[in-house]
Amino acid sequence: MVNLDQYLKPNQTEYYALGLEGSANKLGIGIIKHNIGQLTTLNKAEVLSNVRDTYITPAGEGFLPRDTARHHRNWVVRLIKEALNEAFGCGLHDSFKKLDCICFTQGPGMGAPLQSVVIAARTLSQLWGIPMIGVNHCIGHIEMGREITNAMNPVVLYVSGGNTQIIAYSRQRYRIFGETLDIAIGNCLDRFARVLKISNYPSPGYNIEQLAKKGKNFIELPYTVKGMDLSMSGILEFIESLANDLFNGKKNKLLIAKNGTNGTNEDEEKITIEDLCFSLQECLYAMLVEITERAMAHVNANQVLIVGGVGCNERLQEMMKIMVLDRNGSIFATDERFCIDNGIMIAHAGLLSYRMGDFTELSESVCTQKFRTDEVLVKWRDD
Amino acid sequence: MSKEGEFTHTLEFKVPFLNSKQATIACKSLNPDPILKPNELEVSYVNENEVLIIKFTGSSDRVIRVAANNVIENLKTVIECFEVFD
């Protein structure tokens with residue numbers, strides 16, 4: 001076991017961290033508390049506040065870096081204030097004195113939004129005289145998922161708008177076993193939602209899931225697992241053209257589902273938007289389940305943890321559960337508070353780093369769009 | 001700077017703060033981020049007492065305008081932090 005209290009200050013019995021997350025269209029601020037000692041089921045991290053504001057674009061439009069950065073700039077100070085009030089409930093001028101550090105997402109993510117948030121982190125760090133800690137976004141998801149679900153050493157499926165990775169821990173690194181070769185799964189779903197012009201509120205993926213529940217005809221889509229990796233741009237291209245044919249009333253034999261056995265025209269049924277959503281979900285999630293199962297066999301694990309925004313999709317959780325139960329394993333997932341990007345996970349992962357004596361100098365606090373999960377040395381684990 | 005000759009356009013901001021502490025913090029908050037196109041633009045931040053001086057030198061007015069806009073946006077966040085938390 002790693003000693004997490006090597007850098008304990010005299011008389012200190014607990015740690016508090018502020019986390020700032022803004023790598024994509026969500027701005028999340030959270031405050032977490034750790035008591036001294038190992039984190040166990042009896043000594044859990046405590047979420048003091050976890051507030052979020054999402055930049056929602058009109059239906060059919062994605063979020064652009066510049067506009068997203070402007071959203072974050074508009075909200076960041078207000079949201080920090082709200083998080084402090086919620087956590088400590090007292091006057092602002094005293095509440096920050098409890099904080100040990102400020103954690104921020106250093107990457108991966110969109111450059112401009114990341115940069116707009118780190119400015120606030122730098123200013124507050126100097127103003128309050130506490131260190132900053134740059135956190136890898138993916139590590140934030142993994143550590144928060146482990147803390148919430150008590151999964152000890154799971155295979156981690158990290159699925160979100162910007163990332164699709166299958167990860168397992170080995171010798172102080174979260175190692176990537178497989179990942180997308182082109183676009184992320186959430187990106188694939190979001191972009192399909194844009195073609196359908198469905199609302200981006202609360203999230204495009206959620207709305208696709210609701211439509212998919214009404215779908216009943218499965219259309220075969222390309223199935224593109226490449227070893228441990230995935231490719232999704234071809235599937236998107238394929239289903240986009242199907243959707244366009246459907247909208248334009250173009251004849252396409254794939255858009256007709258045959259129900260009967262005698263093959264007459266009366267048995268024919270037109271494929272609907274709902275069927276397309278259903279088929280896309282089934283196809284993509286089947287691919288995820290396949291690589292997850294292979295990763296489990298590789299590392300001999302029986303736990304699966306799903307993190308990232310797409311992780312709150314109930315159909316994905318259901319399909320994964322069927323596979324995991326077949327292998328006598330267990331599945332762990334969190335709800336939207338912790339699945340979808342949030343500040344608390346950054347605070348939690350950052351605080352773990354802080355307790356191991358790490359911090360980020362101002363000069364090193366530049367954010368980076370590319371920051372791989374396996375670049376981080378996981379000092380707080382030694383199993 | 002060897003490229004000084006190519007940088008024909010300049011712009012200078014002088015931003016007064018309440019005190020020199022705030023000016024120093026603002027300077028250090030803005031300073032770390034690198035310029036995306038160093039062959040077209042240079043930005044320097046210095047603080048003299050309570051005044052933050054930002055100098056832009058660049059190869060065209062366009063690159064300076066973009067950079068200056070961005071710096072002003074960042075400054076707004078810094079100032080808002082002071083306003084609420086200092």
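**Chain B**

Start by selecting chain B, which holds 2 helices and 3 strands; helices (H or I, at least four residues) and strands (E, at least two) are DSSP runs numbered from the N terminus. Followed along the sequence, the elements of chain B come in the pattern β-α-β-β-α. The model is predicted, so local features need pLDDT of at least 70 and side-chain atom pairs count only at pLDDT 80 or more, while totals for chains, interfaces and linings use all residues. Residues are numbered from 1 along each chain as its sequence is written, and chains are lettered from A and ligands numbered from 1 in the order in which they are written.

The C-alpha trace of chain B spans about 40 × 20 × 20 Å along its principal axes. Chain B has 86 residues, of which 23% count as buried. A residue is buried if 20 or more other C-beta atoms lie within 10 Å of its own, exposed if 12 or fewer, and partly exposed in between, with C-beta atoms placed from the backbone.

**Where chain B touches chain A**

Now show both chains and select the residues in contact, meaning that their C-beta atoms, placed from the backbone, lie within 7 Å. On this basis 16 residues of chain B are in contact with 19 residues of chain A. On the chain B side, helix H1 (20-30) and helix H2 (61-85) each supply at least two residues. H2(B) gives the largest share, 9 residues. Sorted by class, this side of chain B has 7 nonpolar, 3 polar and 6 charged residues. Ala, Val, Leu, Ile, Met, Phe, Trp, Tyr, Cys and Pro count as nonpolar, Asp, Glu, Lys and Arg as charged, and the others, Gly among them, as polar.

**The two domains of chain A**

Hide chain B and colour chain A by domain: domain 1 is 14-145 + 341-375 and domain 2 is 150-338. These bounds come from an automatic or database domain assignment. The centres of the two domains of chain A, taken over C-alpha atoms, are separated by 29 Å. Between them, 22 residues of domain 1 of chain A are in contact with 27 residues of domain 2 of chain A. Helix H4 (residues 137-149) of chain A gives the most to the domain 1 side, with 6 residues. By class, that side of domain 1 has 9 nonpolar, 10 polar and 3 charged residues.

**The sheet E3-E2-E1-E4-E5**

Next, select the open sheet of 5 strands in chain A whose order is E3-E2-E1-E4-E5, with mixed pairing. Two strands pair if DSSP finds at least two bridges between them. Strand E3 (46-54) and strand E5 (132-136) of chain A are at the edges with a single partner strand each, so one side of each has no neighbour in the sheet. From one strand to the next, the twist averages 20°. Axes here are lines fitted to C-alpha atoms, for helices over the stretch in contact, and angles run from 0 to 180 degrees between N-to-C directions.

Zoom in on strand E4 (residues 101-107) of chain A, which pairs with E5(A) in the parallel sense over 5 bridges. Within this pair, A:Thr105 stands opposite A:Val135 in E5(A). Add helix H3 (residues 111-128) of chain A, which packs on the sheet and touches strand E1 (14-21), E4 and E5 of chain A. The direction of H3(A) makes about 160° with that of E4(A). Then add helix H1 (residues 65-88) of chain A, which lies across strand E2 (26-35) and E3 of chain A and runs at about 30° to E2(A).

**The sheet E8-E7-E6-E13-E14**

Move to another open sheet of chain A, in which 5 strands take the order E8-E7-E6-E13-E14 with mixed pairing. Its edges are strand E8 (173-179) and strand E14 (330-333) of chain A, each with a single partner strand, so one side of each is left without a neighbour in the sheet. The twist averages 25° from one strand to the next. Strand E6 (residues 155-159) and strand E13 (residues 303-307) of chain A run parallel, joined by 4 bridges. A:Val155 stands opposite A:Val304 in E13(A). H8(A) packs on this sheet, touching E6, strand E7 (164-170), E8 and E13 of chain A.

**The largest nonpolar core**

Finish with the largest nonpolar core, which has 126 residues. Such a core is a set of buried Ala, Val, Leu, Ile, Met, Phe, Trp, Tyr and Cys residues joined through C-beta atoms within 7 Å. Among the residues touching the most other members are A:Ala17, A:Phe104, A:Leu284 and A:Val304. Helix H8 (residues 273-299) of chain A gives the most to this core, with 12 residues. Both domain 1 and domain 2 of chain A give residues to this core, so it lies between them. Last, select A:Leu284: apart from neighbours within four places in sequence, A:Leu284 is in contact with A:Ile185, A:Cys188, A:Met232 and A:Ile235.

Notes. Contact = placed C-beta atoms within 7 Å.
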